[in-house]
Amino acid sequence: MTSVSETMSSSSSSASAKEEVGLDKLKDQFEELQKKYEQVLPKVDSKLINDILLRQMENPGSAPMYMVETFLEPGTDIQKVRETILQETGMVPATYDNGTHVAAHHPLTLEMLERISNREGVIEVTGEYDTGS
């Protein structure tokens, strides 16, 4: 005859094994997602992609505000970069590190992120959500 504690232990082991399989699958899918980020937007920080996707899921059709930082190859025409950012966002970017780093506070969509990362001379794009504080 099986005791109550043996039955509970057996079902607990079974549940634990199912959780482990579920967690492993979740980890595998997350790794695949990270690889997709790298394939589609290789110059963009994966944390920024993840953050903007989550915010767009929560509030579709909106463009949340970010401080977007773009790192450029030395010799990139910084005046052209500044003009492009001003035209596309209405914001004048700050320029740092002898013109190899620009930062601008503006609404951001995934499509804008793709356009920024595909620009000539761009090495990396990062950013932080503006909490409004």
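Which residues does threonine 109 touch, not counting residues up to four places away in sequence? In this predicted model, they are Ile52, Gln56 and Ala63, and a convenient way to read the structure is to begin with the sheet, pass to the helices, and then return to this residue.

The sheet is open and consists of 4 strands in the order 2-3-1-4, paired in the antiparallel sense. Strand 2 (94-96) and strand 4 stand at its edges, and because each has a single partner strand, one side of each is left without a neighbour in the sheet. Direction ignored, neighbouring strands are turned by 20° against each other on average. Strand 1 and strand 3 are joined through 7 bridges in an antiparallel pairing, and methionine 65 stands opposite proline 107 of strand 3.

Two helices can be placed relative to these strands. Helix 2 lies across strand 1 and strand 4, running at about 45° to strand 4, whereas helix 3 lies across strand 1, strand 2 and strand 3, with an angle of about 5° to strand 3.

Strand 3 also holds histidine 101, which is buried, its relative accessible area of 10% falling under the 20% that sets the limit for that term. The side chain of histidine 101 makes two polar contacts to acidic side chains that can be located in the model: one with glutamate 69 at 2.7 Å, and another with aspartate 97 at 3.4 Å. Once its neighbours within four places in sequence are left aside, histidine 101 is in contact with Glu69, Thr70, Phe71, Ala94, Thr95 and Tyr96.

Following the chain out of strand 3, one arrives at the loop between strand 3 and helix 4, where threonine 109 is found. With a relative accessible area of 17%, threonine 109 counts as buried, because the limit is under 20%. Its side chain reaches the backbone nitrogen of methionine 112 at 3.1 Å. The C-alpha atoms of threonine 109 and leucine 53 are separated by 8.8 Å, although these two residues are 56 residues apart along the chain.

Methionine 112 leads into helix 4 (residues 110-118), in which Met112, Leu113, Ile116 and Ser117 are buried. Seen down the axis of helix 4, these buried residues fall within an arc of 130°, and they therefore line one face of the helix. The general background is that an α-helix has 3.6 residues a turn, so residues three or four places apart point the same way. What covers the buried residues of helix 4 includes helix 2 (46-58) and helix 3 (78-89), together with strand 1 (65-72), strand 3 (101-107) and strand 4 (122-129).

Key:
Residues numbered from 1 in each chain as written. Predicted model: local features only at pLDDT ≥ 70, side-chain atom pairs only at ≥ 80, totals over all residues. Heavy atoms only, no water. Buried < 20%, exposed > 50% of the residue type's maximum accessible area, 1.4 Å probe, protein only. Arc of directions from axis to C-beta. Contact = heavy atoms within 4.5 Å. Polar contact = N/O pair within 3.5 Å; in protein donor to acceptor, adjacent residues only side chain to side chain. Pairing = 2+ DSSP bridges. Axes fitted to C-alpha atoms, helices over the stretch in contact; angles between N-to-C directions.
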